[in-house]
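Q: I have a model open and would like to learn to read it. Can you walk me through its features?

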Amino acid sequence: MEIRIWLAAILAAAPLCAQNPVRLRVDATDAPRRVFHVQMTMPVKAGPLTLLYPEWIPGEHAPTGPIANMVGLRISGGGQTLAWRRDSVNLYAFHFDVPAGISSLEVAFDFIAPPDAAGFSSGASVTSELAVLNWNQLILYPQGAPADSLQYQANLRVPAAWRYGTALPIERESGNDVEFKPAPLTTLVDSPLSAGRHYRTASIGNDNGISHYVHFAGDSDESVAVPEDLIGQYSRLVSETGKVFGSRHYRDYHFLVTLSDHVANFGLEHHESSDNRVKERTLIEASGRKVEGSLLSHEFVHSWNGKYRRPAGLTANGSDGGYDTPMKGDLLWVYEGLTNYLGEVLAARSGIWTPEDYRDRMAATAALLDTRSGRTWRRSKTPPCSHRCFTIRPTIFAITGVPRITTKRAR
Ligand SMILES: [Zn+2]
């Protein structure tokens, strides 16, 4: 009962009618030209309103929301254009007044996908053949309401003949139009989508009704011609995580794997998916599969360690989605350190690495730390990033004896 009263108070105080979903329409047919067209229909009440562009991005733990790539903002209601003012201090905030008698707004802007490769999700994410879409780059949200209380119903149009994959539940599909089920803003932002002309989806196992998929998007047909033995190893990865964790907390899980020399290369964790980007030929060459062998297992472990269980400093008022709230990374040594350890163990247990590959990685990590002079004069701090930026200290963990972590099933 207390929870219901609290929620009712939150919704009453919210600057828009949080029960009605924001209708989000994204036209990605110009993605090969690096342009996304965004339209939103947003329920509102009369009075002053501030819309925010997401600034602090989960998984990146930093204010990396690409505000500079958002252009052409237009806000209208009741057939008239509303004048907005950008905050002079918080450059992610837009202020305006909603006139009396207006119950919904039309908000439109374009997002210009950056061509440079640096960065995480705000780095290069689009080529003429594929795109990785992060919804936080394609929305505005009202200041003052918890992100979990805001419902967004997204529609997406992809270029003709492109296919796609995402963890965001789909309501229906028609041609190259996709209508998604309404979802809380946190789920939307946490559910990236990959799409492309050269695309392959592989099913890698079902555990008690929970399905797992890998979606490959590449710059060529050859790049997504992944050998079947690797698909089998990904299936073993799924079953091995069941042995390590003993439970699953997600509805389904989707690995988005992007194979391109022209997008930023990294791994980024999400609750029900992960955004994994490597060079175009990585998975069709044995050396590439070995070098990137722990990428998917690392990001998969983050679904438990980092998403289902979140360091306190990375939440806002105890919940996810405080995109305007600075994140504190003091506990990232657990978030990344334990994940890195388990990710490498699981790479070996799934057969992606041989035992010798695992020992070689441990030796390489030890050798790297031997020559990292910064460790002689300052305490180790985990940087605000994922997979590539962290190497474990092999003296901390035993090679065998993976701890069994028991978590409550959330669904
Ligand atoms: Zn990580």
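**Reading the zinc site, a strand and the helices**

A: Start with two residues: His298 and His302 are both buried (under 20% relative accessible area, with exposed over 50% and partly exposed in between, using a 1.4 Å probe and protein chains only). The model is predicted, so local features need pLDDT of at least 70 and side-chain atom pairs pLDDT 80 or more, while totals for chains, interfaces and linings use all residues. Residues are numbered from 1 along each chain as its sequence is written, and side-chain values use heavy atoms, without hydrogens and water.

Q: Which residues coordinate the zinc ion?

A: Look for donors: N, O and S atoms within 2.8 Å of the metal (3.2 Å for Na, K and Ca); water is not among the atoms, so sites may look incomplete. Here His298 and His302 each give NE2, and Glu336 gives OE twice, at 2.1 to 2.7 Å. The sequence spacing of the donor residues is H-x3-H-x33-E. His298 and His302 sit in helix α5 (residues 295-304), four residues apart, about one turn of the helix. Helices here are DSSP runs of H or I, at least four residues; strands are runs of E, at least two; both are numbered from the N terminus.

Q: What is the arrangement of the four donor atoms around the zinc ion?

A: Ideal angles are 109.5 degrees for four tetrahedral donors. Here the angles span 53 to 154°, so the arrangement is irregular. Four donors count as tetrahedral if all angles lie between 85 and 135 degrees; four count as square planar and six as octahedral if opposite donors are over 155 degrees apart and all others between 65 and 115; anything else is irregular.

Q: Why is strand β2 largely enclosed?

A: Seven of the nine residues of β2 (residues 35-43) are buried, so the rest of the structure largely encloses this strand. Now check its partners. Two strands pair if DSSP finds at least two bridges between them. Strand β1 (residues 22-27) pairs with β2 in the antiparallel sense over five bridges. Arg23 stands opposite Thr41 in β2. Strand β8 (residues 104-112) and β2 are also antiparallel, over nine bridges. Pro43 has Ser104 in β8 as its bridge partner.

Q: How do α6 and α7 cross?

A: Two packed helices are described by the angle and the distance between their axes. Axes are lines fitted to C-alpha atoms, for helices over the stretch in contact, and angles run from 0 to 180 degrees between N-to-C directions. The axes of α6 (residues 332-349) and α7 (residues 355-370) come within 9 Å and cross at roughly 155°.
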